[in-house]
Structure formats: structure tokens, C-alpha cells
Amino acid sequence: MLGLKLATDPRWAHLAETNIEEILTDHAWCEQKAATNAITIIAGNPEHTELVTELLLLAQEELDHFRMVHDIIKKRGYTLGRERKDSYVNELFKARIKGGNRQQSLVNRLLFSAMIEARSCERFKVLSENIKDEELSKFYYQLMVSEAGHYTTFLGFARKYGEGLDVDKQWKELIEIEGEIIQRYGKSESIHG
Ligand SMILES: [Fe+2]
Ligand SMILES: [Fe+2]
């Protein structure tokens with residue numbers, strides 16, 4: 001799916017379902033980080049009007065997701081917990097393709113973002129197909145569709161602004177890197193855990 005190297009073991013979804021409160025808090029903060037990431041990219045690249053326009057919409061969608069998760073948290077009588085660390089994303093950030101000029105840095109950041117969207121989309125798919133909770137299953141299906149759109153947006157912009165660079169080769173490299181990292185995950189009740 002989405003060219004990812006390693007598929008998530010559905011057993012992870014069953015584990016996630018044993019601690020819905022934790023998954024929801026972790027998930028809420030994933031959406032916050034996704035919104036923040038889009039705004040950071042805008043701040044660093046204000047001259048790319050099309051990028052700014054699209055990422056403003058994307059950031060708003062991520063904030064909508066944050067609100068939707070928070071609504072579910074409230075509806076179920078839980079309270080949003082403190083921000084959770086996302087070691088998968090931190091590892092990917094450290095291992096991502098680095099360096100180069102401003103153009104290359106933008107491409108690196110866009111590919112890194114596309115990668116996280118792709119994995120999140122895959123995790124939402126696994127959740128929607130495997131958890132017994134009907135409301136959450138539908139919710140995760142809906143989010144899967146939305147994050148797939150974000151993946152396409154980021155990858156499309158990497159190709160657009162990466163003119164003259166071998167973006168497809170770099171994307172393949174990143175898929176390899178991510179495949180190594182994700183092998184160590186799938187064992188805890190968090191979206192990327
Ligand atoms: Fe999202
Ligand atoms: Fe997203």
C-alpha cells in the first residue's frame with residue numbers, strides 16, 4: 001500500500017483496541033504535529049504561493065482532525081492527556097535524507113511529510129479494518145482517505161519543486177529507510193507505535 005516496504009501486522013490494531021483512551025490521546029497529538037509541520041513548511045517557503053495555498057488548507061484539515069479526535073475523547077468521558085512523544089517520527093526525522101541547498105531542503109521536508117502521511121494512512125486502514133468498535137472503525141476509514149490525499153499533496157509538491165533533482169530516487173531511498181525503522185514498531189498502543 002502506497003509503496004510502503006513493510007505492512008503493519010493487524011495484531012497491532014488488536015493491541016491498540018485494548019487501550020482506546022491512550023490511542024486517542026496519542027492520535028490527537030499526531031494531528032496537532034501534522035498541522036504544525038504544515039505551518040513550519042509555509043513559514044520557511046512563503047514565496048511558493050501554490051504550496052502556501054495548499055498547505056494552509058492541509059493545516060486546517062489536520063486541525064479539524066485534532067478537533068474530531070478531541071470530540072470523541074470528550075464523548076467517551078475521557079480527557080485529552082499530555083502530548084505524547086512520537087519516537088517513530090523522531091527517528092525518521094533524524095534518519096531522513098538531509099543536506100543540500102534550499103531547494104533540496106524543501107524536497108527533503110516534503111518527502112519526510114509524505115512518508116508520515118503514507119504510514120499514518122496505512123495505520124488508519126489497519127485500524128479501520130480490524131477494530132470492533134464501529135464508530136472508530138468508520139472514523140479511521142474517513143481519516144485514511146484524508147491522509148491519503150495529504151500524501152499525494154506532499155509527494156506532488158516534492159516533484160514540482162524538486163525539478164532538476166532526482167526526487168523519485170530520493171523517495172525510494174526514504175522508503176527503504178522507513179522500512180528499516182518501522183520494523184522495530186507495531187508493539188504499542190500509539191498511532192505509530
Ligand atoms: Fe490528519
Ligand atoms: Fe495528514
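In this account, helices of at least four residues are DSSP runs, numbered from the N terminus. The structure described is a predicted model.

The two iron ions are treated first. The iron ion (ligand 1) has as its protein donors Glu 31 (OE), Glu 62 (OE), His 65 (ND1) and Glu 147 (OE), at distances of 2.0 to 2.2 Å. Along the chain, these donors follow the spacing E-x30-E-x2-H-x81-E. The angles among the 4 donor atoms run from 90 to 139°, and the site is classed as irregular. The tetrahedral class would require all angles to lie between 85 and 135 degrees, so the site of the iron ion (ligand 1), with angles of 90 to 139°, does not meet it. Of the donor residues, Glu 31 belongs to helix 2 (residues 20-44) and Glu 62 to helix 3 (residues 49-75), so this pair ties together parts that are 31 residues apart in sequence. Glu 31 and Glu 62 are both buried.

The iron ion (ligand 2) is held by Glu 62 (OE), Glu 117 (OE), Glu 117 (OE), Glu 147 (OE) and His 150 (ND1), and these donors lie 1.9 to 2.4 Å from the metal. Glu 117 thus appears twice in the list of donors. The donor residues of the iron ion (ligand 2) are spaced E-x54-E-x29-E-x2-H in sequence. The two iron ions are 3.6 Å apart, and Glu 62 coordinates both. Glu 147 is likewise listed among the donors of the iron ion (ligand 1) and among those of the iron ion (ligand 2). Glu 147 and His 150 are both part of helix 6, where a separation of 3 residues corresponds to about one turn of the helix. Glu 147 has a relative accessibility of 2% and therefore counts as buried. His 150 is also classed as buried, because its relative accessibility is 4%.

Empty space in the protein was examined next. The count of cavities of 30 Å³ or more comes to 1. The largest cavity holds about 40 Å³ of space. Its lining consists of Ala 16, Glu 17, Ile 20, Ile 23, Leu 127, Ile 131, Leu 136 and Tyr 140. At least two residues of this lining come from each of helix 1 (11-17), helix 2 and helix 6 (134-161). By class, the lining of the largest cavity comprises 7 nonpolar residues, 1 charged residue and no polar residues.

The largest pocket has a volume of about 460 Å³. Its lining is made up of 26 residues, and Lys 33, Ala 34, Asn 37, Val 89 and Ile 116 are those nearest its centre. Two or more lining residues are given by each of helix 2, helix 3, helix 4 (87-95), helix 5 (102-130) and helix 6. Helix 2 provides the largest share of the lining of this pocket, with 8 residues. The classes represented in the lining of the largest pocket are 10 nonpolar, 8 polar and 8 charged residues.

Contacts between charged side chains form the last topic. The structure contains 18 salt bridges. In one of them, the side chains of Lys 5 and Glu 176 meet at 3.2 Å, N to O. This pair links distant parts of the chain, since Lys 5 is in the segment before helix 1 and Glu 176 is in helix 7 (residues 167-182), 171 residues apart. Lys 5 is partly exposed at 47% relative accessibility, and Glu 176 is partly exposed at 39%.

A salt bridge of 3.5 Å, N to O, joins the side chains of Asp 71 and Arg 67. These two residues are 4 residues apart in helix 3, so about one helical turn separates them. Asp 71 is partly exposed, with a relative accessibility of 34%, and Arg 67 is partly exposed at 43%. Both residues take part in a network of salt bridges that links Asp 64, Arg 67, Asp 71 and Lys 74.

The side chains of Arg 76 and Glu 135 form a salt bridge of 2.6 Å, N to O. Arg 76 is in the loop between helix 3 and helix 4, while Glu 135 is in helix 6, so the pair ties together parts that are 59 residues apart in sequence. Arg 76 counts as partly exposed at 26% relative accessibility, and Glu 135 is partly exposed at 31%.

Key. Residues are numbered from 1 along each chain as its sequence is written. Chains are lettered from A and ligands numbered from 1 in the order in which they are written. This is a predicted model: local features need pLDDT of at least 70, side-chain atom pairs count only at pLDDT 80 or more; totals for chains, interfaces and linings use all residues. Side-chain values use heavy atoms; hydrogens and water are left out. Donors are N, O and S atoms within 2.8 Å of the metal (3.2 Å for Na, K and Ca); water is not among the atoms, so sites may look incomplete. Four donors count as tetrahedral if all angles lie between 85 and 135 degrees; four count as square planar and six as octahedral if opposite donors are over 155 degrees apart and all others between 65 and 115; anything else is irregular. Buried means under 20% relative accessible area, exposed over 50%, partly exposed in between (1.4 Å probe, protein chains only). On a 1 Å grid over the protein atoms alone, a cavity is a set of points where a 1.4 Å probe fits but cannot get out, and a pocket is an open set with protein on both sides within 12 Å along at least five of seven lines; lining residues have an atom within 4 Å of a point. Grid points are joined across faces, edges and corners, and a volume is the space filled by probe spheres set on the points. Ala, Val, Leu, Ile, Met, Phe, Trp, Tyr, Cys and Pro count as nonpolar, Asp, Glu, Lys and Arg as charged, and the others, Gly among them, as polar. A salt bridge is a side-chain nitrogen of Lys or Arg within 4 Å of a carboxyl oxygen of Asp or Glu.
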